[in-house]
Amino acid sequence: IYYFGTSKSGEVEQWELFESNGKVDAKKARNFKLGSVVEGCVADDELGHFYVSEEAVGIWKFGAEPETGSEHTQVAKVGDGHLFADVEGLAIAYGKDGAGYLMVSSQGNHTYVVYRREGNNEFVKKFRIGAGGGVDGCEETDGIDVTTASLGPAFPHGVFVVQDGFNDKGNQNFKLVPLQTIVKL
């Protein structure tokens with residue numbers, strides 16, 4: 001089991017977690033540095049990829065295992081018409097047989113961008129979470145998460161959760177969106 005950590009200086013560290021005398025211990029497995037602020041990250045446990053968002057640059061894909069080193073490819077670039085700085089949270093929506101989606105918070109234009117999980121992470125769509133039903137819209141999102149598990153009648157096909165950085169004269173909060181309104185799995 002591994003843990004990844006990112007920093008404002010662009011450092012990324014991967015730590016191996018293991019049992020030691022009845023407790024959890026850790027040792028650094030690898031580290032690498034990107035050129036600027038690193039914000040979100042997510043590991044695809046099934047396909048063996050590790051994604052990192054570099055706020056002003058875009059999304060990078062690495063191998064998830066320590067022996068893959070620092071070799072990486074760019075999945076998406078700020079200014080490509082889909083992503084706008086700051087690129088923030090990342091999440092994986094697992095589908096069947098390696099399909100699914102990489103979901104991203106594009107904070108610079110208050111949108112969310114969806115890429116295919118498989119292959120070269122082809123762009124699928126981008127969308128906003130607007131106001132409705134007495135609830136404000138969603139802006140300035142840092143963190144996101146997603147599950148494809150059934151969570152009862154309100155979210156039978158999963159849920160997309162986003163942190164809302166603006167909340168009309170209130171604290172930050174979270175918005176929950178039925179996953180089937182965004183993508184089909």
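Trainee: Which residues do ring pairs link into a cluster?
Mentor: Keep in mind that this is a predicted model. By the ring-pair rule the count comes to 7 aromatic pairs. Ring pairs join four phenylalanines into a cluster: Phe4, Phe32, Phe50 and Phe62.

Trainee: Is the pair of Phe32 and Phe62 stacked or edge-to-face?
Mentor: A pair of aromatic rings is described by the distance of the centres and the angle of the planes. For Phe32 and Phe62 the centres are 4.3 Å apart, with 20° between the planes. Planes under 30 degrees apart count as stacked, so Phe32 and Phe62 are stacked.

Trainee: How many residues apart are Phe32 and Phe62, and in which strands?
Mentor: This pair links distant parts of the chain. Phe32 is buried at 6% relative accessibility, and Phe62 is buried at 2%. Phe32 belongs to strand β3 and Phe62 to strand β6 (residues 58-63), and they are 30 residues apart.

Trainee: What about Tyr115 and Phe123: stacked or edge-to-face?
Mentor: Their ring centres are 6.1 Å apart and the planes stand at 70°. Planes over 60 degrees apart count as edge-to-face. So the pair of Tyr115 and Phe123 is edge-to-face.

Trainee: Of Tyr115 and Phe123, which is buried and which is partly exposed?
Mentor: Buried means under 20% relative accessible area. Tyr115 has 2% relative accessibility, so Tyr115 is buried. Phe123 has a relative accessible area of 28%, so Phe123 is partly exposed.

Trainee: Which residues touch the most other members of the largest nonpolar core?
Mentor: In soluble globular proteins, nonpolar side chains tend to be buried together. Here the largest nonpolar core has 17 residues. Strands β8 (87-94), β9 (100-106), β10 (111-116), β12 (144-147) and β13 (159-164) each supply at least two residues of this core. The members with the most contacts inside it are Met103, Tyr112, Ile129, Phe160 and Ile182.

Trainee: Which residues does Ile129 touch?
Mentor: Ile129 is one of the residues that touch the most other core members. Leave out residues up to four places away in sequence. Ile129 then touches Tyr112, Gly137, Cys138, Phe160, Val162 and Val177.

Trainee: How many residues are in the other core?
Mentor: Apart from the largest core lies another one, with Val75, Ala76, Val113 and Tyr115 among its members. Tyr115 is buried at 2% relative accessibility. The count for this other core is 13 residues.

Trainee: Which backbone oxygen does the side chain of Ser105 reach?
Mentor: Ser105 lies in strand β9 and is buried at 1% relative accessibility. Beyond its neighbours within four places in sequence, its contacts include Asp86, Tyr112, Thr141 and Ile144. At 2.7 Å, the side chain of Ser105 reaches the backbone oxygen of Thr141.

Trainee: What is the omega of the cis peptide bond joining Ala85 and Asp86?
Mentor: Asp86 sits in the loop between β7 (72-77) and β8, and it is among the contacts of Ser105. For the cis bond that joins Ala85 and Asp86, omega is about 10°.

Trainee: Asn21 and Asn121 each have a positive phi; which one is buried?
Mentor: Asn21 has phi of about 55° and lies in the loop between β2 (11-20) and β3 (23-33). At 76% relative accessible area, Asn21 is exposed. Phi of the other asparagine is near 55°, in the loop between β10 and β11 (123-127). At 3% relative accessibility, the buried one is Asn121.

Trainee: Is Val42 buried or exposed?
Mentor: Val42 is in strand β4 (residues 38-44). Leaving aside neighbours within four places in sequence, its contacts include His49, Phe50, Tyr51, Leu90 and Leu102. Its relative accessible area is 16%, and the cut-off for buried is under 20%, so Val42 is buried.

Trainee: Which side chain does the side chain of Asn173 make a polar contact with?
Mentor: Asn173 is in strand β14 (residues 173-178), and at 22% relative accessibility it counts as partly exposed. Outside the four nearest places in sequence, it is in contact with Asp136, Val162, Gln163, Asp164 and Asn167. Its side-chain polar contact, at 2.8 Å, is with Lys175.

Conventions
Residues numbered from 1 in each chain as written. Predicted model: local features only at pLDDT ≥ 70, side-chain atom pairs only at ≥ 80, totals over all residues. Heavy atoms only, no water. Core = buried A, V, L, I, M, F, W, Y, C linked by side-chain atoms within 4.5 Å. Buried < 20%, exposed > 50% of the residue type's maximum accessible area, 1.4 Å probe, protein only. Helix = DSSP H or I, 4+ residues; strand = E, 2+ residues; numbered from the N terminus. Contact = heavy atoms within 4.5 Å. Polar contact = N/O pair within 3.5 Å; in protein donor to acceptor, adjacent residues only side chain to side chain. Phe/Tyr/Trp six-rings, centres within 6.5 Å; stacked < 30°, edge-to-face > 60°.
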